[in-house]
Amino acid sequence: MTDTTQNTLSLRLKTETAIEHDRMEMLMEQAKVFESKENYAQFTLSQYYFQRDIEYLYQSTAVGAVIPDLDIRGRSEAARQDLTDLGIQPQGMDISTLHVRYPQALGWIYVSEGSTLGAAFLFKEAQAKLGFSADFAARNLAAYPEGRMRVWKRFKQALDDAQFSPSEQQQVVDGAMQAFAHFGDLLSHLDTLK
Ligand code: HEM
């Protein structure tokens, strides 16, 4: 019997980017994000810049047609407020997604949305090790008001409902790989972020 879920875009994204996800976890460990307030602040800068890059892609009409609830997504404003809590004024970096087209953009957004799941663990660590919260310095790691899983499932469903051809799916996967590579670069150079 054929498994009809086998070739869904959401499943392809999960399986075909799994190695990159593992690499992110390793980089996070190496960055010792929760070892000090200074390390955490540099990590928050990376979140801020990445979220800004992602939110730039929300302007695309084609993206909005696939993901109709973009208005509740995105955490750059939360990260910016966290930076203010931490006494940091971001100096600004160029937007890295100016060249990203549809449907690759959906892969970038996938990486950002999926990262809200892992953020549940990071949020707990930020609370336990640094005393931060959803109201102070860890807003960007807090759950969406509706709950992480619900918002995530709706995102995956929207991607699958779009019924992309295999080659379009490949472009979305490519976009996700680009986004992981970009966030990996940020994580590898946290100490240089301003
Ligand atoms: C220490 C760091 C991290 C941990 C512990 C972690 C943990 C997790 C866990 C447990 C899930 C699966 C949740 C579920 O299916 O119920 C997940 C999913 C995901 N995470 Fe992470 N994560 C981390 C960092 C990151 C980073 C830095 C990114 C990207 C910037 C990221 C992107 C994703 C994506 C895209 C998914 C969705 C996978 C799918 O398609 O199901 N994660 N993460």
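Me: Which helices each supply at least two residues of the shell around the ligand?
Reply: This is a predicted model, in which local features need pLDDT of at least 70 and side-chain atom pairs count only at pLDDT 80 or more, while totals for chains, interfaces and linings use all residues. Residues are numbered from 1 along each chain as its sequence is written, and side-chain values use heavy atoms, with hydrogens and water left out. Helices are DSSP runs (H or I, at least four residues; strands are E, at least two), numbered from the N terminus. The suppliers are helix H2 (18-31), helix H6 (104-130), helix H7 (148-161) and helix H8 (166-188).

Me: Which helix gives the most to the shell around the ligand, and with how many residues?
Reply: The ligand has 17 residues around it, where being near takes a heavy atom within 4 Å. The top contributor is H6, with eight residues.

Me: How do the residues of the shell divide into nonpolar, polar and charged?
Reply: Ala, Val, Leu, Ile, Met, Phe, Trp, Tyr, Cys and Pro count as nonpolar; Asp, Glu, Lys and Arg as charged; the others, Gly among them, as polar. The shell splits into 11 nonpolar, four polar and two charged.

Me: Which side chain has a polar atom 2.6 Å from an oxygen atom of the ligand?
Reply: A polar contact is a pair of N or O atoms within 3.5 Å; within protein, one must be able to donate a hydrogen and the other to accept it, and residues adjacent in sequence count only if both atoms are side-chain atoms. A side-chain N or O atom of His-21 lies 2.9 Å from a ligand nitrogen. Gly-114 uses a backbone N or O atom, 3.4 Å from a ligand nitrogen. The 2.6 Å pair to a ligand oxygen belongs to Tyr-110.

Me: Which two residues have the most contacts inside the largest nonpolar core?
Reply: A nonpolar core is a set of buried Ala, Val, Leu, Ile, Met, Phe, Trp, Tyr and Cys residues joined through side-chain atoms within 4.5 Å. The largest one has 56 residues, and H6 provides its largest share, 10 residues. The most contacts inside this core are made by Tyr-40 and Phe-43.

Me: Which peptide bond is cis, with omega near 5 degrees?
Reply: Most peptide bonds are trans. Pro-103 sits in the loop between H5 and H6. The cis bond runs from Tyr-102 to Pro-103.

Me: Is Ala-137 buried or exposed?
Reply: Ala-137 lies in the loop between H6 and H7 and has a positive phi of about 70 degrees, although it is not a glycine. Buried means under 20% relative accessible area, exposed over 50%, and partly exposed in between (1.4 Å probe, protein chains only). Because its relative accessible area is 0%, Ala-137 is buried.

Me: What does Lys-32 count as, in terms of relative accessibility?
Reply: Lys-32 is in the loop between H2 and H3. Its phi is also positive, near 45 degrees. Its relative accessibility is 44%, so Lys-32 counts as partly exposed.

Me: Which residue joins Asp-69 by a side-chain polar contact of 2.9 Å?
Reply: Asp-69 is in the loop between H4 and H5. Asp-69 counts as buried because its relative accessibility is 14%. Its 2.9 Å side-chain partner is Arg-154.

Me: How many Å apart in space are Phe-155 and Pro-103, C-alpha to C-alpha?
Reply: Phe-155 is in helix H7 and is buried, at 0% relative accessible area. Phe-155 and Pro-103 are 52 residues apart in sequence. In space, C-alpha to C-alpha, they are apart by 15 Å.
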